[in-house]
Amino acid sequence: MNRLVPHPILILALVLMWLLMTRFTLGNLILGTAIALVAGWALGALEPERPRIRRFWPLIRLAGIVSLDIVRSNIAVAALIVTGGRHGQRRSGFVQIPLRLRDPVPLGLLAVIITATPGTAWLEYDGESGVLLLHVFDLVDDEAWRHLIRDRYEALLLEAFA
Amino acid sequence: MKHLADLPLWIGVPVALLLVIGATLTLLGTLGLVRLRSFYDRLHAPTLGTSWGAAATLLASMILFSWTEVRAAVHELVLGVLVMVTTPVTLMLLGRAALHRDRAEGHKDVPPAVARERETSGTDGRAGQGASPRPALQPDSPGIFMDR
């Protein structure tokens, strides 16, 4: 299992993508599976370490929380642009957040979450100290942002990945 | 566009609404890109277009073409995922380049890089030239990426 299918989730996602891009037929399923397997072996040769997902439930919860947050922050940032930043009251700034995550895969997921949410931009992560430098579009309280990232997103990622 | 003439209302209305929402958000994002003053602020504006600007447009496309082609058109999901996964790459690249430049110019509003042991050890033979390892060109210059 491990050597034949080095990255099972990636391979499954690739097969699914192949079927989405074409029409669902038996031929496409076989061809897509073959291509996904080859891609999985190639990645397995490059990157033998695969992400260890301990529990799926936190990831599903995270997806729900994040999609809600994306809608909310879209509205917030759009309103800020329309009103010219609450008529000049808006202040943006940098926040430094010490992260507990160390694995590249959950860190990458966190980067996608932070980037996909308008109003926060992931600028720099220092691998040695584990400090993330974030730029916040509408910065009112530094500590609130630290709590948000660490308790709302990072905690769930820590739960999900071993 | 003849086939759109007999589109039922209950499909046409949500598709139109989603398209307007997506287009408005993308437009606001580009407006912000033009109007905001600092580079770091401008980084935020286009993310409106890559999040719900793209999502609403793709949803509209999925609903419309699932109806007209009489099969679930879900390949837009792949587009959405690819947009989501690739934006952080460019955003980090731009953000870090701006940070590096502002730091090199000694701008004070930018948080300093995490201190490294090797930078202060002075083994490069220029230790007598000052404590700062980074060349501070003009200490009080505003930094080209910050507010003017």
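Analyst: Axes are lines fitted to C-alpha atoms, for helices over the stretch in contact, with angles from 0 to 180 degrees between N-to-C directions. This is a predicted model, where local features need pLDDT of at least 70 and side-chain atom pairs pLDDT 80 or more, while totals for chains, interfaces and linings use all residues. Residues count from 1 along each chain as written, chains are lettered from A and ligands numbered from 1 in written order, and side-chain values use heavy atoms, without hydrogens or water.

User: How do you know at what angle H1(A) and H2(A) cross?

Analyst: Happily, the fitted axes tell us: helix H1 (residues 8-21) and helix H2 (residues 26-46) of chain A cross at roughly 145 degrees, their axes coming within 8 Å. Both are helices as DSSP runs (H or I, at least four residues).

User: What makes residues of H1(A) and H2(A) count as meeting?

Analyst: Contact means heavy atoms within 4.5 Å. In H1(A), the residues that meet H2(A) include Leu10(A), Leu14(A) and Trp18(A). On the H2(A) side, Asn28(A), Gly32(A), Thr33(A), Gly40(A) and Leu43(A) are among them.

User: Why is Gly32(A), in that contact, called polar?

Analyst: Good one! Gly32(A) is polar because Gly counts among the polar residues here. The contact holds 13 nonpolar, 4 polar and no charged residues.

User: What makes 8-46 a domain of chain A?

Analyst: Domain bounds come from an automatic or database assignment, and chain A is divided into domain 1 (8-46) and domain 2 (57-161). Their centres, taken over C-alpha atoms, are 32 Å apart.

Key: Helices (H or I, at least four residues) and strands (E, at least two) are DSSP runs, numbered from the N terminus.
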